[in-house]
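Student: Could you take me through one part of this model up close? I'd like the cut-offs spelled out as we go.

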Amino acid sequence: MPFFEPDSLRALVGDSAQGEQTLDLRAVSPDHAQSAVSQMLERSPSDGPTSAVIRIDPATATSGETLFLPIGRQLLEALKHGLVMRFHPLPEANGGGFYVELPGRPQHDETQHDETQYDETQYDETQYDETMP
């Protein structure tokens, strides 16, 4: 098994504690946190894949229920629907939270329409016989 230095490994797989976006949900109510994650997923950039770090309060002996399970379940549902490419928990050294990779959405070209354009040059009346059933 090859041995990698931490810096070499980070160069290969990326630093999962840093994202292009950061959503800080520390000291936020569960309802507000889930709403903020939904907004982040809906507003995913249209220019291509991006990454985000969602920060939550880490669990302590006296913290009770944290946002880890509700946000984790929400991200899992988003993964099933294609709104998230992948996600994983942040390492403990970086506090609580998730590293999320978002697929982005292709930009819609306003010149293209869903309706088929009719091209008069391709229609030839001589090839159709009206007497055919």
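Tutor: Here is a close look at helix H2 and what surrounds it, with the aromatic rings after that.

A word on the ground rules: this is a predicted model, so local features need pLDDT of at least 70 and side-chain atom pairs count only at pLDDT 80 or more, while totals for chains, interfaces and linings use all residues. Residues are numbered from 1 along each chain as its sequence is written, and side-chain values use heavy atoms, with hydrogens and water left out.

The protein chain has three helices and four strands, where helices (H or I, at least four residues) and strands (E, at least two) are DSSP runs numbered from the N terminus. Along the sequence they come in the order α-β-α-β-α-β-β. Of the 133 residues, 26% are buried; buried means under 20% relative accessible area, exposed over 50%, and partly exposed in between (1.4 Å probe, protein chains only).

Now zoom in on H2. Its 13 residues span 18 Å from first C-alpha to last, close to the 18 Å expected at 1.5 Å a residue, the expected span being 1.5 Å times one less than the number of residues. The buried residues in H2 are Ala33, Ala36, Val37, Met40 and Leu41. Looking down the axis of H2, you'd find them within an arc of 135°, so they line one face of the helix; that arc is taken over the directions from the helix axis to the C-beta atoms. On the face turned away from that buried side sit the exposed residues Asp31 and Glu42.

What covers the buried side? The cover includes strand S1 (21-24), strand S2 (50-56), H3 and strand S4 (96-102). In H3 (residues 68-80) you'll find Gln74, which counts as buried because its relative accessibility is 15%. Leaving out residues up to four places away in sequence, Gln74 touches Gln34, Val37 and Ser38, contact meaning heavy atoms within 4.5 Å. Leu41, for its part, is buried at 5% relative accessibility, and its C-alpha is 6.5 Å from that of Leu83, 42 residues apart along the chain.

Val37 turns up again in the largest nonpolar core: of its 18 residues, Leu25, Val37, Ile54, Ile71 and Leu75 touch the most other members. A nonpolar core is a set of buried Ala, Val, Leu, Ile, Met, Phe, Trp, Tyr and Cys residues joined through side-chain atoms within 4.5 Å. H2, S2, H3 and S4 each supply at least two residues of this core, and the largest share, five residues, comes from H2. Beyond its neighbours within four places in sequence, Ile54 has contacts including Val37, Met40, Leu75 and Phe98.

That last residue brings us to the rings. Phe68, Phe87 and Phe98 form one aromatic cluster; rings of Phe, Tyr and Trp (its six-membered ring) pair if their centres lie within 6.5 Å, with planes under 30 degrees apart counted as stacked, over 60 as edge-to-face and the rest as tilted. There are two aromatic pairs in the structure. Phe68 and Phe98 have ring centres 4.9 Å apart and planes at 20°, so that pair is stacked. It links Phe68 in helix H3 with Phe98 in strand S4, 30 residues apart. Phe98 is buried at 2% relative accessibility. Phe87 and Phe98 have centres 5.9 Å apart and planes at 70°, so this pair is edge-to-face.
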